[in-house]
Amino acid sequence: MNRNYSITSAVVFALVALMQAWRFVLDFPVQMGAWSVPRTLSGVIAVAAAFLAVWGLRAARLGKSERVVAT
């Protein structure tokens, strides 16, 4: 995987994780049509996005040291 893609994905997921964690902590109301989005869903999304951000950073770090030789 391209290193720049991994870093960009990690930054985007980190921002999503921060926004969702902020919503979870401050308990901002979110309404989608008639459905009121529960606070706990933001907590779950924050954890999942943080996991994906760490995964992207690890992929970028591992991709730096790997050398692929075409035969």
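Me: In what pattern do the helices and strands of the protein follow each other along the sequence?
Reply: This is a predicted model. The protein has 2 helices and 2 strands. Read along the sequence, their pattern is α-β-β-α.

Me: What percentage of the residues of the protein count as buried?
Reply: Buried means under 20% relative accessible area. The protein has 71 residues. The share of them that counts as buried is 18%.

Me: Which helix gives the largest share of the nonpolar patch?
Reply: The patch lies on the surface and is formed by Val30, Met32, Trp35, Leu41, Val44 and Ile45. Together these residues have about 520 Å² of accessible area. The largest share, 3 residues, comes from helix H2.

Me: Is Met32 buried or exposed?
Reply: Met32 sits in strand S1, residues 31-32. Its relative accessibility is 54%. The cut-off for exposed is over 50%, so Met32 counts as exposed.

Me: Trp22 and Phe28 form an aromatic pair; what is its geometry?
Reply: The structure holds 2 aromatic pairs. In the pair of Trp22 and Phe28, the centres are 5.4 Å apart and the planes meet at 90 degrees. Planes over 60 degrees apart count as edge-to-face, so the geometry of this pair is edge-to-face.

Me: What is the geometry of the aromatic pair Phe51 and Trp55?
Reply: Both residues lie in helix H2, 4 residues apart, about one turn of the helix. Their ring centres are 6.0 Å apart, with 40 degrees between the planes. Stacked needs under 30 degrees and edge-to-face over 60, so this pair is tilted.

Definitions and conventions: Residues are numbered from 1 along each chain as its sequence is written. This is a predicted model: local features need pLDDT of at least 70, side-chain atom pairs count only at pLDDT 80 or more; totals for chains, interfaces and linings use all residues. Side-chain values use heavy atoms; hydrogens and water are left out. Buried means under 20% relative accessible area, exposed over 50%, partly exposed in between (1.4 Å probe, protein chains only). Patches are made of residues with over 30% relative accessible area and no salt bridge: like charges are joined within 9 Å, nonpolar side chains (Val, Leu, Ile, Met, Phe, Trp, Tyr) within 5 Å. Accessible areas come from the Shrake-Rupley method with a 1.4 Å probe; for residues, only the protein chains shown count as cover. A salt bridge is a side-chain nitrogen of Lys or Arg within 4 Å of a carboxyl oxygen of Asp or Glu. Rings of Phe, Tyr and Trp (its six-membered ring) pair if their centres lie within 6.5 Å; planes under 30 degrees apart count as stacked, over 60 as edge-to-face and the rest as tilted.
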